[in-house]
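User: I would like to go through this structure step by step, with the reasoning spelled out for each answer.

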Amino acid sequence: MNDNSFLRAYGAHFDPEVQGRGEGYARGGAVTIVEGSSDGVRAVVQGSQRYDVRFVSDGEGLVASCSCAHYAGGTNCKHLWAVVRVAVDQGYLTDLDTLMAAEETQDREERPASSKPRELT
């Protein structure tokens with residue numbers, strides 16, 4: 001994974017096994033970005049079937065969907081992770097990275113002194 005604030009934050013919402021399988025789809029060329037911008041993508045993932053994936057920021061949060069049964073069951077799927085990885089690697093979703101980086105910085109600045117990591121001596 002590259003150093004991308006959005007990928008770090010969003011990746012925390014995926015089971016590691018699902019994320020790993022999505023990485024395989026991303027590396028294997030199974031993802032085609034149909035439409036992409038700085039705040040969203042629409043893509044197709046070719047697995048055992050063709051899956052339609054959408055991922056967009058609506059200004060209040062992230063809205064994602066995948067046509068697979070795993071996602072319909074209420075769990076983030078490998079297809080969604082694969083699309084996010086490819087989208088970031090191709091230069092899409094940059095607004096989300098900027099937003100997450102700003103939130104990470106704000107969180108660090110607002111953290112009380114007692115919760116800052118202590119220095120090793």
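User: Through how many residues does a hairpin join β1 to β2?

Analyst: A word on the basis of what follows: this is a predicted model, in which local features need pLDDT of at least 70 and side-chain atom pairs count only at pLDDT 80 or more, whereas totals for chains, interfaces and linings use all residues. Residues are numbered from 1 along each chain as its sequence is written, and side-chain values use heavy atoms, with hydrogens and water left out. Strands (E, at least two residues) and helices (H or I, at least four residues) are DSSP runs numbered from the N terminus, and two strands pair if DSSP finds at least two bridges between them. Strand β1 (residues 31-36) is joined to β2 by 5 bridges in an antiparallel arrangement, with Glu35 opposite Arg42 of β2, and the hairpin between β1 and β2 passes through 3 residues.

User: Which residue of β3 is the bridge partner of Val45?

Analyst: Strands β2 and β3 (residues 50-57) pair in the antiparallel sense over 7 bridges, and a hairpin of 3 residues joins β2 to β3. Within this pairing, Val44 has Asp52 of β3 as its bridge partner, while the partner of Val45 in β3 is Tyr51.

User: Which residue takes a positive phi in the hairpin of β3 and β4?

Analyst: Strand β4 (residues 62-66) runs antiparallel to β3 and is joined to β3 by 5 bridges. Among the facing pairs, Val56 stands opposite Val63 and Arg54 stands opposite Ser65. The hairpin has 4 residues between the strands, and the residue with a positive phi, near 90 degrees, is Gly59.

User: Which are the edge strands of the sheet?

Analyst: The sheet is open, has 4 strands with antiparallel pairing, and follows the order β1-β2-β3-β4. Each edge strand pairs on one side only, and the edge strands are β1 and β4.

User: Which residues form the covered face of β3?

Analyst: In β3 the uncovered face consists of Arg50, Asp52, Arg54 and Val56. The other face, which is covered, is formed by Tyr51, Val53, Phe55 and Ser57.

User: At about what angle does α4 run to β3?

Analyst: Contact means heavy atoms within 4.5 Å, and axes are lines fitted to C-alpha atoms, for helices over the stretch in contact, with angles from 0 to 180 degrees between N-to-C directions. Helix α4 lies across β1, β2, β3 and β4, and its angle to β3 is about 60 degrees.

User: Why is α4 described as largely enclosed by the rest of the structure?

Analyst: Buried means under 20% relative accessible area, exposed over 50%, and partly exposed in between (1.4 Å probe, protein chains only). The buried residues of α4 include Leu80, Trp81 and Val84, together with charged-group carriers by name such as Lys78 and Arg85. Helix α4 is largely enclosed because the number of its 12 residues that are buried is 11.
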